[in-house]
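This report introduces a reader to selected features of one protein model. Please keep the sequence and the structure in view while reading.

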Amino acid sequence: MAPRNHKNWLRGPKVEYISSECYNNYSIYEQEIEQIFAKVWVPMCHTSEMCNDGDFRSTQIAHQNVVALNMKGDIQVFLCPSIDRPSGNGFDTDGLKKLHSEVKHGGMVWTTLDPNPSHSVEEWTCGAFDCIADAIDTEEMEVFHYHKAIIDTNYKLWHDTNSEFYHDFMHYFNRVSGFNDEYFARKNIPFDNGHVNVSTFTVNYEEYEGFEDRGELSFPNLPPNQWYMVDLFPGFNFNLRGNAYRSDTVTPLGPNRVLIEFRGYGLKKDTPEERNTRVKAHNSIWGPFGRNLHEDLIGVAGQGTTMREGTEARNILHGRHENSTIHDEVGMRHYYEAWGKFLGVSPMNPLAMLQENLYAAE
Ligand SMILES: [Fe+2]
């Protein structure tokens, strides 16, 4: 790639850098809640967590309590003024407002606060799940692991860490098992609405001491030891890695605080032995004593600390152009272009645009 001079830099794609104000400004956070999280489809839970008639699961979307309920096998989602349990059986829906919902993409329960959604889930996700559809939709899946974490960071920094891969140098496990020519050729593929795929390659698990090849139990219709990522706008991640599948759902709690729900999945038809193998594979990377997930959380908490409210504004470069390969920042640029459109601001100078919007409203 030819070096960019000043003229070329100015001419470049729209979001070559973003302001740290996107991560720590309270009015931007409030706008995100109203204009993004209250509008989009949110993957709130999984059908396997509510198998029986009357089972329910609750969460919060854009500060609203939301309950998904199994009504004789049909999943319905309701707005709920108060609820004191994350899950259970038996929930009175009298007088509650029903929300739009769908079960889609591997049995996830999707809902939106938007009373008149302009898209179906399929239209909203825009093909971002196509790469793993045969693997997650052929056999019924089952959640075998759930935990949540409240992290002092902005939710977008969590999504960023699932979207940029140069931080892989931080992951000892990934350095050992993954850094080969195929890894560096992986592509970031943008889809409409700010979604991104990170394409697959073959992970050499046996290179890591104590790990075994994960080919035998890979998901249906998936070649052995592959690793696909679906980064869904505005902060949901689906991670299919050999014989383990994980989803992350974010609930922003403030500019510098996010609740992340992590789920690990196997196939419902797994034998106890197969399930043990999947749980072990899941835990070795993402479980309580795994390496990878915690390194990510430490990383984003560090970023949150350096950019917390009141710190000096600075620009964060997203200017790596490497033919869309693994360390190219095309996924981040694509995300922040969609983000800016949702809020009607420039990610490079979001407060200036907010100010203009305020004047325009007067
Ligand atoms: Fe990571």
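The following paragraphs treat a metal site, a helix and its packing, and a few individual residues.

The model is predicted. Its iron ion is coordinated by NE2 of His167, NE2 of His171 and two OD atoms of Asp296, at 2.1 to 2.7 Å. Along the sequence, the donor residues follow the spacing H-x3-H-x124-D. His167 belongs to the loop between H6 and helix H7 (172–178), while Asp296 belongs to helix H10 (residues 292–306), so this pair ties together parts that are 129 residues apart in sequence. The four donor atoms form angles of 53 to 133 degrees, and the site is irregular. For comparison, the ideal angle for four tetrahedral donors is 109.5 degrees.

The accessibility of several residues is listed below.

| Residue | Relative accessibility | Class |
|---|---|---|
| His167 | 14% | buried |
| Asp296 | 4% | buried |
| Gln76 | 15% | buried |
| Gly302 | 31% | partly exposed |

His167 counts as buried because its value of 14% is under the 20% limit. Gly302, at 31%, counts as partly exposed because this value falls between the limits of 20% and 50%.

Helix H6 spans residues 155–163 and is mostly covered, with nine of its nine residues buried. Among them are Leu157, Trp158, Thr161 and Asn162. At the start of H6, Asn154 places a side-chain oxygen within 2.8 Å of the backbone nitrogen of Lys156.

Two packed helices are described by the angle between their axes and the distance between the axes. The axes of H6 and helix H11 (residues 330–343) cross at roughly 145 degrees and come within 10 Å. On the H6 side, the contact is made by Tyr155, Lys156, His159, Asp160 and Ser163; on the H11 side, by Met332, Tyr335, Tyr336 and Trp339. Of the residues in this contact between H6 and H11, five are nonpolar, two polar and two charged. In an α-helix, residues three or four places apart point the same way, because there are 3.6 residues a turn.

Another part of the model centres on Gln76, which lies in strand S5 (residues 74–79). Its side chain is joined to that of Lys98 by a polar contact of 3.0 Å. Apart from neighbours within four places in sequence, Gln76 is in contact with Val67, Ala68, Leu69, Met71, Lys98 and Ser101.

One of these contacts, Ala68, can also be related to Gly302, which is placed in helix H10. The C-alpha atoms of Gly302 and Ala68 are 34 Å apart in space, and the two residues are 234 residues apart in sequence.

Methods:
Residues are numbered from 1 along each chain as its sequence is written. This is a predicted model: local features need pLDDT of at least 70, side-chain atom pairs count only at pLDDT 80 or more; totals for chains, interfaces and linings use all residues. Side-chain values use heavy atoms; hydrogens and water are left out. Buried means under 20% relative accessible area, exposed over 50%, partly exposed in between (1.4 Å probe, protein chains only). Helices (H or I, at least four residues) and strands (E, at least two) are DSSP runs, numbered from the N terminus. A polar contact is a pair of N or O atoms within 3.5 Å; within protein, one must be able to donate a hydrogen and the other to accept it, and residues adjacent in sequence count only if both atoms are side-chain atoms. Donors are N, O and S atoms within 2.8 Å of the metal (3.2 Å for Na, K and Ca); water is not among the atoms, so sites may look incomplete. Four donors count as tetrahedral if all angles lie between 85 and 135 degrees; four count as square planar and six as octahedral if opposite donors are over 155 degrees apart and all others between 65 and 115; anything else is irregular. Axes are lines fitted to C-alpha atoms, for helices over the stretch in contact, and angles run from 0 to 180 degrees between N-to-C directions. Contact means heavy atoms within 4.5 Å. Ala, Val, Leu, Ile, Met, Phe, Trp, Tyr, Cys and Pro count as nonpolar, Asp, Glu, Lys and Arg as charged, and the others, Gly among them, as polar.
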